[in-house]
Amino acid sequence: MEHVFLLIVVLICLLAIGDLIVGVSNDAVNFLSSAIGSRVIPFRRLMIYASLGIIIGAIFSSGMMEVARKGIFNPSEFFFDEIIFIFLAVMLTDILLLDFFNTLGLPTSTTVSIVFELLGAAVAMSVIKLLESGQDLSLLYNYINTDKSLEIIIGILLSVVIAFTSGSIIQWIVRLALGFHLKNGRKWINALFGGASLAALCYFIFIKGIKGSAYADMSFDSLGGLSLPEYIQTNRLVVLGFSALFWTFISYWLQMLAKVNIYKLIIGVGTFALALAFAGNDLVNFIGVPIAAFQAFQIWIASGISATEFSMVDMAGQVKTPIIFLIIAGFIMVLTLWVNAKAKRVVKTSIDLSNQHQVNERFKSNLLAVGLVGAFNSANQLLVGFFPLKLKSWMTKRFQPMELLPINGIRPAFDQIRASINLVVAALLISWATTLKLPLSTTYVTFMVAMGTSLADRAWQKGSAVYRVSGVIHVIGGWFITALSAFMVSAILLTLLHFGQLVSVIVMALMVVLLIIRSHRNIFKKDFNQSK
């Protein structure tokens, strides 16, 4: 039986490679869409920034399986053979669901996927254990951490509402202050914007990007015995204030002496920062389960006890990841970023929905979208009716878009100011959620911020608003379907694995491989035909 479980662990690790590939294809939208949409940075250089962020983020990753640490289920309640099937069901489900959404070109959350997959598989195994032992199903709470599951669901709702609202309000204020037509003589305005933006991004890098690294736990006498992240969080306002002054000064002189485009700098740093945070924190969503399975196997082998009798109480603690696995995972993600066509499809969906120009709308209108657009227009007309005519005229001029000239034959989807706001607001919200320990999804935050800034920037005009809103509804609906599907599919696969044992393992593994090959072949054919 030892060889069978070794085969399962090897299969889980192989699935982790596939999961990394489909995961990067999905999460590339988090850090690439703003820069690609503005076209201010050449694509190859942009990919280098993102690649550096991923590699550094992977090396400085916490190396912890965050989901297990939060306690979605209680490992001590399961035996080794049960928990290894839970992990296998999770990996099979994760790679199938993420690949499915990538094929549709819809961004979804890898964090929510892994959480609900673990929850679904654990619930299924718990129910099986209770039924086989003749116990009441009300004892399910002994196996599952229901409080954490509820917290995740609330986090989904919060991330959608807060990100969209914040993006809309901040973009509206900034656009009203700066307009579209920036004059070259307003160096001080650009410097103030650059100082605030770069300070926010640096704060984000320290709080989110390097959180959990080996250096984050080191205390310094010069900081009063606190670690760097602790000192920054304790003196948040002071640190942000001095950082903003410093970067404002640097931004001004970079413009004066080196003729640097400060918005281009913000977009470059923002892309690097979000890519670093993605690898440093979301990497555990892809390799946390395989590493946990591998270490569970090691613990079981050392025990000499039967797999059906060995309790996994040792798995209740933190599961650390060896640095070599983090480095390998980082390079796999970078390679995927450069060659995978599905990443471009997911990014394209976000850019098309936020494009200030007319595009070929891929989403059809629906009654909900029509109703939302109508309600918003009515509310907007009612609100604007209270403004004096001169104020309305001035505001209209501030929001009159500037014609964006094509770059290398392709016109930018939006200007550099909106791209900067997308990155900065997303970074601030994720930093804020991290300090409050709220489970906000980076995918949800970055996407909804982009949609909010698009609305405030009047990118959704009369001819396109219904289709854009319909697209957003489709994406949000997909997020909730992700959670439900992850739970149900993982539970079903776990049940099949438990009763089918080795036969089910082999059949499901072959099915997953065939489905992934077919999916990628269809994407390749479609992209090839479109390029002809």
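## Buried charges: K129 and E82

Buried means under 20% relative accessible area. In this predicted model, E82 sits at 9% relative accessibility, so E82 counts as buried. K129 has a relative accessible area of 13%, and is therefore buried too.

The two residues pair. K129 and E82 form a salt bridge, with 3.1 Å between the closest N and O atoms. The partners come from distant parts of the chain. K129 belongs to helix α5 (residues 110-132), E82 to helix α4 (residues 80-104), and their positions lie 47 residues apart in sequence.

## A salt-bridge network around D457

Side chains of opposite charge can pair when their charged atoms come close. The model has 4 salt bridges in total. Salt bridges also link R175, D415, R418 and D457 into a network.

Take R175 and D457. Their closest N and O atoms are 2.7 Å apart, and the two form a salt bridge. This pair joins distant parts of the chain: R175 lies in helix α6, while D457 lies in the loop between α16 (442-456) and α17 (465-531). They are 282 residues apart. Both R175 and D457 are buried.

D457 also forms a salt bridge with R418, at 3.0 Å between the closest N and O atoms. R418 is in helix α15 (residues 416-435) and D457 is in the loop between α16 and α17, so this bridge ties together parts 39 residues apart in sequence. R418 has a relative accessible area of 0%, so R418 is buried. D457 counts as buried because its relative accessibility is 5%.

## Helices α6 and α14

Two packed helices are described by the angle between their axes and the distance between the axes. Helix α6 (residues 146-178) packs with helix α14 (residues 389-398) at about 95 degrees. Their axes are 8 Å apart. Angles of 65 to 115 degrees count as roughly perpendicular, so α6 is roughly perpendicular to α14.

Which residues of α6 and α14 make the contact? From α6 come W172, R175, L176, A177 and L178. From α14 come W394, M395 and R398. R175 thus has two roles here: R175 takes part in the contact with α14, and R175 forms a salt bridge with D457.

## A nonpolar surface patch

The surface carries a nonpolar patch formed by W188, L192, F249, Y252, W253, M256 and L257. Together these residues have about 770 Å² of accessible area. Two elements each give two or more residues to the patch: α7 (187-209) and α9 (236-258). Which element gives the most? Helix α9 does, with 5 residues.

Two tryptophans in the patch can be described further. W253 lies in helix α9. W253 counts as partly exposed because its relative accessibility is 39%. W188 lies in helix α7. Exposed means over 50% relative accessible area, so W188, at 53% relative accessibility, counts as exposed. W188 also comes within reach of a sequence-distant position: W188 and S251 are 8.9 Å apart in space, C-alpha to C-alpha, yet 63 residues apart in sequence.

Note on methods. Residues numbered from 1 in each chain as written. Predicted model: local features only at pLDDT ≥ 70, side-chain atom pairs only at ≥ 80, totals over all residues. Heavy atoms only, no water. Patch = residues over 30% accessible without salt bridge, like charges linked within 9 Å, V, L, I, M, F, W, Y side chains within 5 Å. Areas by Shrake-Rupley, 256 points an atom, 1.4 Å probe, with all protein chains shown as cover. Salt bridge = Lys/Arg side-chain N within 4 Å of Asp/Glu carboxyl O. Helix = DSSP H or I, 4+ residues; strand = E, 2+ residues; numbered from the N terminus. Buried < 20%, exposed > 50% of the residue type's maximum accessible area, 1.4 Å probe, protein only. Axes fitted to C-alpha atoms, helices over the stretch in contact; angles between N-to-C directions. Parallel < 35°, antiparallel > 145°, perpendicular 65-115°, else oblique. Contact = heavy atoms within 4.5 Å.
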